Amino acid sequence: MENIKTYIHQNKDRFINELIELLKIPSVSADSAYSQDVIDTSEAVKLSLEQAGCDKVEICETNGYPIVYGEKIIDPNLPTVLVYGHYDVQPPDPMELWTSPPFEPVIKKTDIHPEGAIFARGACDDKGQMYMHVKAVEYMIANNCLPCNVKFMIEGEEEVGSVNLKTFVENNAAKLKNDVILISDTGMISNQQPSITTGLRGLSYVEVEVTGPNRDLHSGLYGGAVANPINILSQMIASLHDENNRITIPGFYDKVEELSLQERAEMAKAPFDIEEYKKALDLKDVYGEEGYVTNERNAIRPTLDVNGIWGGYTGQGAKTVIPSKAYAKISMRLVPNQDWEEITELFTKHFISIAPAAVSVKVTPHHGGQGYVTPIDSIGYQAANKAYTETFGIPAIPVRSGGSIPIVALFEKELKSKTILMGFGLDSDAIHSPNEHFGVFNYLKGIETIPLFYKYFVELSK
């Protein structure tokens, strides 16, 4: 693999242009208006795997959007790497905050990305990171240095909870059989300090509906005499945290994993500047659960956040109404040992119980998933660390992420293999936000690093 840098240099413009073309397709899985675009993207991914040199590529239909499967089997006796990624993207809203159209990719230089970054929805999450693997395998096949078998499973519903992936995995365990799963849907500390994500939080996502009167009412004629669902909902949500910002749902913390002081000290070795953190977010101060620092609050502690809240009149001008209904979307990030279905049940029971008799409450679960921790003494982790060390010149630091990839726990349960999270994005890449971007350096460095994972994984597996 000595010529990988040369190969990347020679094909740099093509690699970037191919990704740009993929990013132009608005594959928003959450909005049915984009359904054909999501399907078109699956076809584009299929074509890219075929052109990369996979021997078998197919579109696997599900009850939702299709899964793209591809493989290159060079010897059944050799180890097999299963690459997972997703081709669907988050909705681009709010559109007015984008500095360039979300599906018209442009390359702009930034302070963090002096070589330029590709600005587009899905640039980092996950089209750019997924496509690194396609190009890395292309390099290995073209240069006859693929040291083991490789399989791809690229889905189109990750951003809506991977609702059909579980069934697909359960029904295709033999097809998906592997020795290690490789995912790039996470990030690293910086372009100077690589890191490997060793833990993910779980997720419970619900929608709540509070109903008062059977219709919107005149706030003058009925104000003060009838419960206002927005007022009530706001009070209920506020009660979900105490004065120390701990969640007040009974039983919520019963199974929370408490890390030792030694483990917390190891986490603290990761470089982190609280002042830079506040500056980047334009904050005067940080906020969170008492007794924990920022990098613990967003990684090893569970959380509850309102993701959206609405009701009543929000149009231009005034309309004096007491609304009939109020709504909110709430997500709870969970730590290992917290079962998302159990937490959803605890939330539902508690939220209904704290509602006054003047309103009725409905809780609708949307999706969720379990947390995950991968050991740092595994062959997969060691191979990833050796790969990062070679391309960055410095060992990677193990970190726990505050994000969730619910299917990782599913993979271990159904496929009996560990997942290695080799992310190349940065916290500043604005995933799920306007102006999402992915550094050209990060994209190409991923293509350079991934083949080395294959090399060292095979060597360490002997």
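**Notebook: pockets, sheets and odd bonds**

I began with the second largest pocket: 18 residues line it, and Lys166, Trp340, Gly368, Gly369 and Leu410 are the ones nearest its centre. A note to self before going on: this is a predicted model. I looked up the space in that pocket and got about 410 Å³. Which elements supply at least two residues each to its lining? I found α10, β14 and α12 (407-415). The largest share is five residues, and α12 provides it. By class I have six nonpolar, seven polar and five charged residues in this lining.

**Entry: the four-stranded sheet**

Since β14 turned up in the pocket lining, I went to its sheet next. I found an open sheet of four strands, ordered β11-β13-β9-β14, and the pairing is antiparallel. Why do β11 and β14 each have a side without a neighbour in the sheet? Both stand at the edges, β11 as residues 303-311 and β14 as residues 360-369, and each has a single partner strand, so one side stays free of a neighbour in the sheet. From one strand to the next I get an average twist of 15°.

I then checked the pairing inside the sheet. Strand β9, residues 202-211, is paired with β13, residues 325-334, over ten bridges in the antiparallel sense. To have one pair to look at, I picked Val210, whose bridge partner in β13 is Ala326.

Two helices came up when I asked what lies across these strands. Helix α6, residues 229-238, lies across β9, β11, β13 and β14, and runs at about 15° to β13. Helix α10, residues 340-353, lies across β9, β11, β13 and β14 too, and I have it running at about 165° to β14. So α10 goes down twice in my notes: it lies across this sheet, and it also gives at least two residues to the pocket lining.

**Entry: the cavities**

How many cavities of 30 Å³ or more does the structure hold? I count two. The largest cavity has about 40 Å³ of space. Its lining is made of Gly251, Phe252, Asp254, Lys255, Asn337, Gln338, Asp339, Glu342 and Ile343. I sorted these by class and got two nonpolar, three polar and four charged.

The second largest cavity has about 30 Å³. Its lining residues are Gly199, Leu200, Arg201, Ala299, Pro336, Tyr372, Val373, Arg400 and Ser401. The elements giving two or more residues to this lining are β8 (195-200) and β15 (372-373). The classes here are five nonpolar, two polar and two charged.

I went back to Asn337, one of the residues lining the largest cavity. Asn337 is not a glycine, yet it has a positive phi of about 90°. I placed Asn337 in the loop between β13 and α10.

**Entry: the three-stranded sheet**

There is also an open sheet of three strands, in the order β4-β5-β18, with antiparallel pairing. Here β4 (106-108) and β18 (437-439) are at the edges with a single partner strand each, so one side of each lacks a neighbour in the sheet. On average, neighbouring strands of this sheet are turned by 30° against each other, with direction ignored.

Strand β5, residues 117-119, runs antiparallel to β18, and three bridges join them. One of the residues I checked was Ala117, and its bridge partner in β18 is Gly439. Across β4, β5 and β18 lies helix α13, residues 440-461, running at about 60° to β18.

**Entry: cis peptide bonds**

Which residue does a cis peptide bond join to Asp93? It is Pro94, and omega there is about -5°. I found Pro94 in the loop between β3 (80-86) and β4. I also noted the bond from Asp125 to Asp126, which is cis with omega near 0°. Asp126 is in the loop between β5 and α3 (127-142).

**Entry: salt bridges**

Side chains of opposite charge can pair when their charged atoms come close. I searched the whole structure and got 22 salt bridges. I looked at one of them, Glu58 with Lys175, where the closest N and O atoms are 2.5 Å apart. Why does this pair tie together parts that are 117 residues apart in sequence? Glu58 is in strand β1 (residues 56-60), while Lys175 is in the loop between α4 (165-171) and β7 (180-183), so the pair links those two parts.

Key:
Residues numbered from 1 in each chain as written. Predicted model: local features only at pLDDT ≥ 70, side-chain atom pairs only at ≥ 80, totals over all residues. Heavy atoms only, no water. Pairing = 2+ DSSP bridges. Axes fitted to C-alpha atoms, helices over the stretch in contact; angles between N-to-C directions. Contact = heavy atoms within 4.5 Å. 1 Å grid on protein atoms, 1.4 Å probe; cavity = no way out; pocket = protein on both sides within 12 Å on 5 of 7 lines; lining within 4 Å. Points joined across faces, edges and corners; volume = space filled by probe spheres on them. Nonpolar A, V, L, I, M, F, W, Y, C, P; charged D, E, K, R; others polar. Salt bridge = Lys/Arg side-chain N within 4 Å of Asp/Glu carboxyl O.
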